[in-house]
Amino acid sequence: MAEIFKGIPAIKYEGPESKNPLAFKFYDADKVVMGKKMSEHLPFAMAWWHNLCANGTDMFGRGTADKSFGQVPGTMEQARAKVDAGFEFMQKLGIRYFCWHDVDLVPEADDIKVTNARLDEISDYMLEKMKQTGIKCLWGTANMFGNPRFMNGAGSSNSADVFAFAAAQVKKALDITVKLGGRGYVFWGGREGYETLLNTDVKFEQENIARLMHMAVDYGRSIGFKGDFYIEPKPKEPMKHQYDFDAATAIGFLRQYGLDKDFKLNIEANHATLAGHTFEHDLRISAINGMLGSIDANQGDAHLGWDTDEFPFDVYTATMAMYEILKAGGLTGGFNFDAKNRRPSYTYEDMFAGYILGMDTFALGLVKAAALIEDGRLDKNIEERYASYRNSEIGKKILSGKTDLAELAAYADKLGAPALPGSGKQEVLQNIVNGVLYGKQ
Ligand code: XUL
Ligand code: CO
């Protein structure tokens with residue numbers, strides 16, 4: 001088959017001194033960090049939609065990038081060309097996973113039976129490529145937000161017919177996920193939310209979303225899906241309010257509806273920041289609840305209030321994210337680059353540059369997070385900060401539940417006033433981080 005990305009070689013590690021834009025400076029797949037290869041710590045994935053479909057169209061102008069890959073857009077020939085392009089792209093970058101929505105893979109027809117037949121055909125072709133290359137599917141999902149029928153949501157739609165249609169898409173997307181051996185299946189509730197409470201029965205809608213998710217679990221397990229289901233939280237955009245606001249909200253929802261055994265979270269950096277959190281906050285909340293599954297690696301723009309889906313560039317954030325991920329023992333899922341080139345970065349070379357940036361940024365984050373852990377001062381500070389619960393009689397009693405308000409009040413009376421709880425040392429700790437990031441190792 002003809003090469004699509006002509007003139008772009010397989011991307012190699014050349015080290016931090018390299019000035020070659022088409023080389024890794026920090027991502028050295030076989031380098032061992034904390035006992036594991038970088039490639040094992042960082043199962044990177046390509047997002048079908050941004051990389052092979054998005055052409056830079058925005059609200060003010062048409063596309064700038066040509067993603068036709070030599071075929072007529074909207075045809076099955078183009079869908080196959082996207083498969084060719086995607087596999088060549090992943091092979092050249094050493095990316096071992098990909099993620100997709102149903103409608104990223106094939107053009108959607110008016111009749112779902114036609115779309116489903118197209119999905120069968122394209123997934124046969126993808127499977128062939130997967131066998132040839134060893135590249136795997138990280139997760140699949142159904143796009144239940146793009147088509148106008150989903151204007152009021154999918155599982156949360158006011159229309160039972162639309163709910164049924166969403167269910168049909170989930171069923172087929174699960175079939176294809178299982179066929180491709182996907183590790184996970186994602187629910188991103190793009191339109192599961194509301195524009196105004198004035199027309200919305202929130203309780204009814206949330207119960208219906210849970211019904212759809214239960215059906216997905218039942219069906220998925222019945223066809224042999226052993227992976228994790230994921231909710232991908234996002235607070236808003238396109239809806240004014242989305243029900244899966246952030247990690248804490250999604251975890252509460254999963255527990256309330258008895259879905260927490262089958263679901264974990266897919267945390268996207270730019271969604272966490274839209275919710276008013278840091279990326280590492282939502283990773284920590286997921287991890288301490290045993291629900292850190294996978295991540296959508298990207299970054300937003302602090303000056304813009306929407307999801308800009310930029311390639312990760314911020315090494316501090318990548319470091320703090322990798323710190324959380326290493327502490328949690330790694331991901332069962334992977335690192336999906338839910339990121340797109342800026343509109344003026346429209347060349348094939350820019351597509352590679354985006355992934356090289358993202359992979360290098362996370363490689364740096366991994367190395368720096370490992371150094372922070374090995375340095376040990378952050379951990380030691382935390383240990384000392386809560387030491388009073390281990391070292392004092394009253395602390396031990398509180399932890400073991402062997403006290404009550406009356407005893408604690410009597411203790412306080414005797415004490416008169418407690419000593420101040422000790423410095424938070426934020427500036428000291430931040431300087432330790434800078435020392436580890438930029439000091440001599
Ligand atoms: C949208 C978004 C989606 C999900 C999958 O903000 O992140 O692409 O990752 O539906
Ligand atoms: Co995403």
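User: In this predicted model, what classes of residue make up the shell around ligand 1?

Analyst: By class, the shell has three nonpolar, two polar and six charged residues.

User: Which residues are around ligand 1?

Analyst: They are Trp49, His101, Trp139, Trp188, Glu232, Lys234, Glu268, His271, Asp296, Asp307 and Asp338. A residue is counted here if one of its heavy atoms lies within 4 Å of the ligand.

User: What makes the pair between Glu268 and ligand 1 a polar contact?

Analyst: The cut-off for a pair of N or O atoms is 3.5 Å. An oxygen atom of ligand 1 is 2.8 Å from an N or O atom in the side chain of Glu268, so the pair is within the cut-off.

User: How do you know that Lys234 and Asp296 make such contacts with ligand 1?

Analyst: By the cut-off of 3.5 Å once more. For the side chain of Lys234, the distance from an N or O atom to an oxygen atom of ligand 1 is 3.1 Å. For a polar side-chain atom of Asp296, the distance to an oxygen atom of the ligand is 2.9 Å. Both pairs therefore count as polar contacts.

User: How much of ligand 1 does the protein bury?

Analyst: The ligand taken alone exposes 290 Å², and the protein buries 93% of that.

User: Why is Phe69 called buried?

Analyst: Buried means under 20% relative accessible area. Phe69 has 8%, so the word applies. Phe69 sits in the loop between helix H2 (48-53) and helix H3 (76-93). Its phi is near 50°, a positive value in a residue other than glycine.

User: Why is Glu237 called partly exposed?

Analyst: The term covers values between the 20% limit for buried and the 50% limit for exposed. Glu237 has a relative accessible area of 27%, so it belongs in that class. Glu237 is in the loop between E10 and E11, and has a positive phi of about 70° although it is not a glycine.

User: What kind of peptide bond joins Glu237 and Pro238?

Analyst: A cis bond, with omega about 15°. Most peptide bonds are trans. Pro238 lies in the loop between strand E10 (228-231) and strand E11 (241-242).

User: Which residues have the most contacts inside the largest nonpolar core?

Analyst: Trp48, Leu93, Phe98, Phe187 and Tyr355 do, in a core of 118 residues. Helix H12 (residues 348-375) gives the largest share, 13 residues.

User: Why is this core said to lie between domain 1 and domain 2?

Analyst: Because domain 1 (12-375) and domain 2 (378-438) both give residues to the core.

Methods. Residues numbered from 1 in each chain as written. Chains lettered and ligands numbered in written order. Predicted model: local features only at pLDDT ≥ 70, side-chain atom pairs only at ≥ 80, totals over all residues. Heavy atoms only, no water. Polar contact = N/O pair within 3.5 Å; in protein donor to acceptor, adjacent residues only side chain to side chain. Areas by Shrake-Rupley, 256 points an atom, 1.4 Å probe, with all protein chains shown as cover. Nonpolar A, V, L, I, M, F, W, Y, C, P; charged D, E, K, R; others polar. Core = buried A, V, L, I, M, F, W, Y, C linked by side-chain atoms within 4.5 Å. Buried < 20%, exposed > 50% of the residue type's maximum accessible area, 1.4 Å probe, protein only. Helix = DSSP H or I, 4+ residues; strand = E, 2+ residues; numbered from the N terminus. Domains from an automatic or database assignment.
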